Amino acid sequence: MRPIDIVGCGPGHVDYLAPVARHSVEQADVLVGAGHLLALFPEVGSQRIEVRGSMSVILDQLELLRKRNICLLVSGDSGLFSLAQLVVRRFGRKNCRVIPGVSSIQVAFSRLALSWNSALLISAHGRIPKETTACLAQYDRIALLAGDTVAIAWVADRLVELGEAYQVVSCENLTFENETIRPFYSADKLRQAVFPARTVLLLLRRDLLL
Ligand SMILES: C[S@@+](CC[C@H](N)C(=O)[O-])C[C@H]1O[C@@H](n2cnc3c(N)ncnc32)[C@H](O)[C@@H]1O
């Protein structure tokens, strides 16, 4: 049986899609993914299953379709805070072919011409991070997947505790026409701002950007 392809689709713009990802999609009998990811491939004629609610329902559907060539689309990189691991756990590593993609975090750092070798990566996507301020203070660069108000409030509180040595840079709608990069030096300004769901926040020591 052909393995399930789990394809990292990059941050959203079609230019950031790897040829190997497109090739996998073209071979698929069944394309599975969020609506905005399926929309990256309007010309591909395979059966489409849109991921909306419970992932366990989708996993059961995949089980029934196992004999067909399945391609699961995930956003950014498939190895970074991704649904990919749920699928790998259910079907086994040997039965999955994971294709990497460009992560939103990679793009965020590249927009500031900063490396991310030593960065702490945190997901606040649908969860409140557990990292303490003392833990954060050990890093000069921290990237957060942060698209909702709870995440923004959490970062604002940490910015107060970390003090003036740090700032936040928001990286919104990366790779899209409305991409926006904004610096924030105060927690109050951060709390007052409105962010789209597609937001990476970088918490950076200020001297990195001098
Ligand atoms: C479920 S996580 C998936 C992360 C993905 N695996 C990656 O490598 O980017 C979704 C989060 O990624 C971030 N994200 C995805 N696409 C983005 C974009 N184009 N611009 C900014 N942030 C983005 C947002 O923080 C969003 O809440």
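This passage describes a sheet, its packing helices, two nonpolar cores and one loop residue in a predicted model.

The model is predicted, and local features were therefore restricted to a pLDDT of at least 70 and side-chain atom pairs to a pLDDT of 80 or more, whereas totals for chains, interfaces and linings use all residues. Residues are numbered from 1 along each chain as its sequence is written, and side-chain values rest on heavy atoms, with hydrogens and water left out.

Five strands form an open sheet in the order E3-E2-E4-E1-E5 with parallel pairing, where strands (E, at least two residues) and helices (H or I, at least four) are DSSP runs numbered from the N terminus, and two strands pair if DSSP finds at least two bridges between them. The edges of this sheet are strand E3 (47–50) and strand E5 (96–99), each of which pairs on one side only. Between neighbouring strands the average turn is 20°, direction ignored, with axes taken as lines fitted to C-alpha atoms, for helices over the stretch in contact, and angles between N-to-C directions running from 0 to 180 degrees. Strand E2 (residues 30–33) runs parallel to E3 and is joined to it by four bridges; Gly33 has Glu50 as its bridge partner in E3.

Helix H3 (residues 55–64) packs on the sheet through contacts (heavy atoms within 4.5 Å) with E2, E3 and E4, and its direction makes about 160° with that of E3. Helix H4 lies across strand E1 (4–8), E4 and E5, and runs at about 165° to E1.

The loop between strand E4 (70–74) and helix H4 (84–91) contains Ser75, which is partly exposed with a relative accessible area of 43%, on a scale where buried means under 20%, exposed over 50% and partly exposed in between (1.4 Å probe, protein chains only). Not counting residues up to four places away in sequence, Ser75 touches Cys9, Gly10 and Leu37.

The largest nonpolar core, a set of buried Ala, Val, Leu, Ile, Met, Phe, Trp, Tyr and Cys residues joined through side-chain atoms within 4.5 Å, has 23 residues, of which Leu136, Leu144, Val168, Leu190, Leu201 and Leu203 touch the most other members. Among the elements that give two or more residues to this core are strand E6 (120–123), strand E7 (141–145) and strand E10 (199–205), while H7 gives the most, with seven residues. Apart from this core lies another, of 19 residues, including Ile49, Leu65, Ala84 and Cys96.
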